[in-house]
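Colleague: I should like to go through this structure with you. Would you please set out one helix and one sheet?

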Amino acid sequence: MRGIARPISHFRSLFQHQRNSCSSGLVSCRRQLIDISSGSAYKLRKDAETHRFRDPTFMISRAYSAEAVKVANGEKNRAGPLIEYERRIASGKLVDGDTCQLGTLRELQRLSDELVESADACRLDRYTASEKGGRSRWLWSRFMPQSSYSPVKGLYLYGGVGTGKTMLMDLFFDQLPCSWRKKRIHFHDFMLNVHSRLQKHKGVADPLEVVAAEISDEALLLCLDEFMVTDVADALILNRLFGHLFSDGVILVATSNRAPDNLYEGGLQRNLFLPFISTLKERCKVHQIGSSVDYRKMTSAQQGFYFIGKDLSDFLKKKFEELVGEHKAVPREVELVMGRTLQVPLGANGCAYFPFKELCDRPLGAADYFGLFKNFHTLALDGVPIFGLYNRPAAFRFVTLVDVMYENRARLLCTAEGTPIQLFERIVTIADAQNMAPRTSSRSRKNDDSDLCVDNELGFAKDRIISRLTEMNSKEYLEHHAAMLAEKPPLREVVN
């Protein structure tokens, strides 16, 4: 038993000695990191002269290296997006790119620091949070009304297509503690989840309040990618839904192609949507990502998955059979949310075949497409047309389909009447239509405009879809898809 009883002063001195040792060790490690970072940055500058882009998915300016080193020297900013950028620069994943994103990195780093400092006040750690369920907490709030807005405001990032919004938000999300109540989800998927919960709580006096309580119990940091409002049902519930979410302490981080004031522009009953815009700007700092570079188009072109021309159905089916291999392609049925199903004309080995009309000319939506890609990783789509006034609904569905495919990193094998740019060249915004030069002949003007589709939502969405179709047909994207398949178990296939 000797040595157990010691004076308190002994333990105090021992603790102080260990703390000093740890502190000096951290300082030493930090200095080594900075030295290594500087050396790696120099090496990358030399390498870039002969090989400019190593990883087009994560292209960024070398200016970030110096910025991240400054952050590493600070007392507070010892972790977060900027530090992770420095690590990726040192490892060669980030080489060259656009300094316009630097302001976005600073905003994300600032938010990350605020969240870490206010984690207790924000109730972010799931292991220290209340275990009361959403519905029970809602019932309790009937007797004890209360509001608990987060002391930290969120962040709304918007900018052009291919500027790296999703990648930056994912990097921010991944650097935060796994024990936090946080969720990263595509906006389409988020709204499908909301509608499913509303269906479950039908009959409750205020189902939106119950749904908001459930969501906030699961995640107080909510990261929504591709925030866009095109559906009148979504527009009408967003204000009250997020009013409850913010009141429950939810912090929103969102990416979008549209500024808040331009959301749901020209939509039905937009006056009922405007209060949501005010709430959004009150609870989130708005930051624009300025860039003239579309990084998705800086990938190397790949021929063999996007075929241009008409009457190529037999050719596409032959390519589809090559992907299926020894498996037999047969009609299949996919289960969707709320008991619905989707009929797949042909499916096998994770690959599905659809004529364009069966997938985009029918009343299908995001729920159907998410259900499809939970069961299949590759889509063979036959006969994508040039879009215009006569097939505007199909254009909307095709936009949603490509967004869902991109979110799920799915592979597209298709035949189309034109290149991605040609598919949407007849789709214009109201501003574009007003700026169009008049024709010399009224007859030719009439013929040119007969199929012109003036639609703000489609007009803004087309650049994103053109960019994504270009990337999805690149060598880098297809290699990433192949690597993803090698790591994951085979998808479950349901035979009808």
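**Helix H10 and an open sheet**

Modeller: The buried residues of H10 are Asp234, Ala235, Ile237, Leu238, Leu241, Phe242, His244, Leu245, Phe246 and Ser247, where buried means under 20% relative accessible area with a 1.4 Å probe and protein chains only. Helices (H or I, at least four residues) and strands (E, at least two) are DSSP runs numbered from the N terminus. The model is predicted: local features need pLDDT of at least 70, side-chain atom pairs count only at pLDDT 80 or more, and totals for chains, interfaces and linings use all residues. Residues are numbered from 1 along each chain as its sequence is written, and side-chain values use heavy atoms, leaving out hydrogens and water.

Colleague: On which residue is the kink in H10 centred?

Modeller: The bend at a residue is the angle between axes fitted to the seven residues ending there and the seven starting there. In H10 the kink is about 40°, and its centre is leucine 238.

Colleague: Which strands stand at the edges of the sheet?

Modeller: Six strands form an open sheet of mixed pairing, in the order S6-S11-S10-S9-S8-S7; two strands pair if DSSP finds at least two bridges between them. Each edge strand has a single partner strand, so one side of each is left without a neighbour in the sheet; they are S6 (306-308) and S7 (330-335).

Colleague: Which residue in S9 is the bridge partner of leucine 346?

Modeller: Strands S8 (residues 341-348) and S9 (residues 351-355) run antiparallel and are joined by three bridges. In S9, the partner of leucine 346 is tyrosine 353.

Terms used. Buried means under 20% relative accessible area, exposed over 50%, partly exposed in between (1.4 Å probe, protein chains only).
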